[in-house]
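Me: I have a structure open and would like to learn how to read it. Could you walk me through it feature by feature?

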Amino acid sequence: MGMSIVLIVLVVIGFFLYGLFWMKKVDRFIGHVGFTDAPSALEVKDTLVFADLGQMEETQAALQTSPRAFEYISEPALPEQAAYETALALSHNDLDNILLCAQAKKRYPAYTIAVCNNKRYLSVFQDYHIDSVAFSIGEACAMLGRCTPSW
């Protein structure tokens, strides 16, 4: 009788630990990947351009001859209502450029082009798997004509 109670207690503890193991896996999934809208559920747009407010005129002039459709933002936060085939980060702040490209890569499979203002940080851009790194707005805009989105 005493052995069967011990066995029942061990089985209950085993089921509890097994459930705890799977709950941790589910929590990790939600924390890292989560349940986000698939890019196919979002409106897919061509190119998102991130530039400082002082750079907008220069950026728009550089992109004027491109046949692409552009949406411009001045803060490194992706719009929630759309997915973009290409993200172009042209700010004077390298950290903001990396942040925008990393978000675009994580949220949808965007082709990313960023301006690296300080060449010492080039390895950081490469660590974040930014597809193309330029050292000026003109160079980044020229790269835009050669990129092929991953969709």
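Reply: Happy to; we will go through the sheet, the helices on it, the ring pairs, the charges over rings and two buried residues. Keep in mind that this is a predicted model.

Me: Let's start with the sheet. What is the order of its strands, and is the pairing parallel or antiparallel?

Reply: Read a sheet by walking across it from strand to strand. Here you meet five strands in the order 2-1-3-4-5, the pairing is parallel, and the sheet is open. Strand 2 (70-73) and strand 5 (132-134) are at the edges; each has a single partner strand, so one side of each has no neighbour in the sheet. On average, neighbouring strands are turned by 30° against each other, ignoring direction.

Me: How many bridges join strand 3 and strand 4?

Reply: Four bridges, in the parallel sense, link strand 3 (residues 82-89) with strand 4 (residues 111-115). To find your place in strand 4, look for Ile 113, which stands opposite Leu 88.

Me: Which strands does helix 2 touch?

Reply: For a helix on a sheet, ask what it touches and how it runs. Helix 2 (residues 56-63) packs on the sheet and touches strand 1 (43-50), strand 2 and strand 3. Its direction makes about 165° with that of strand 2. Helix 3 (residues 94-107) lies across strand 1, strand 2, strand 3 and strand 4, and runs at about 180° to strand 4.

Me: Now the rings. How many aromatic pairs does a search of the whole structure find?

Reply: Three. To read a pair, take the distance between ring centres and the angle between planes. Tyr 18 and Trp 22 are 6.3 Å apart centre to centre with 75° between the planes, so the pair is edge-to-face, since planes over 60 degrees apart count that way. Both residues lie in helix 1 (residues 2-32), four residues apart, about one turn of the helix.

Me: Are Tyr 18 and Trp 22 buried or exposed?

Reply: Tyr 18 counts as exposed at 52% relative accessibility, while Trp 22, at 41%, is partly exposed.

Me: Where do Tyr 84 and Tyr 108 lie?

Reply: Tyr 84 is in strand 3 and Tyr 108 is in the loop between helix 3 and strand 4, so their pair ties together parts 24 residues apart in sequence. The ring centres are 6.2 Å apart and the planes stand at 55°, so this pair is tilted. Tyr 84 is buried at 0% relative accessibility, and Tyr 108 is buried too, at 2%.

Me: Which charged ends sit over rings?

Reply: Here you look for a Lys or Arg whose charged end is placed over a ring. The charged end of Lys 119 sits over the ring of Phe 135, 4.8 Å from its centre. The charged end of Arg 120 sits over the ring of Tyr 121, at 5.8 Å from the ring centre.

Me: What about single residues? Where is Ala 83?

Reply: Ala 83 belongs to strand 3, and with 0% relative accessibility it counts as buried. Its C-alpha atom is separated by 9.1 Å from that of Leu 48, a residue 35 places away along the chain.

Me: And which residues is Ser 91 in contact with, leaving aside its neighbours within four places in sequence?

Reply: Find Ser 91 in the loop between strand 3 and helix 3. With that exclusion, its contacts are Phe 50, Ala 51, Asp 52, Gln 55, Asp 96, Asn 97 and Asn 117. Ser 91 is buried, with a relative accessible area of 0%.

Conventions. Residues numbered from 1 in each chain as written. Predicted model: local features only at pLDDT ≥ 70, side-chain atom pairs only at ≥ 80, totals over all residues. Heavy atoms only, no water. Pairing = 2+ DSSP bridges. Helix = DSSP H or I, 4+ residues; strand = E, 2+ residues; numbered from the N terminus. Axes fitted to C-alpha atoms, helices over the stretch in contact; angles between N-to-C directions. Contact = heavy atoms within 4.5 Å. Phe/Tyr/Trp six-rings, centres within 6.5 Å; stacked < 30°, edge-to-face > 60°. Buried < 20%, exposed > 50% of the residue type's maximum accessible area, 1.4 Å probe, protein only. Lys NZ or Arg CZ within 6 Å of the ring centre and 35° of its normal.
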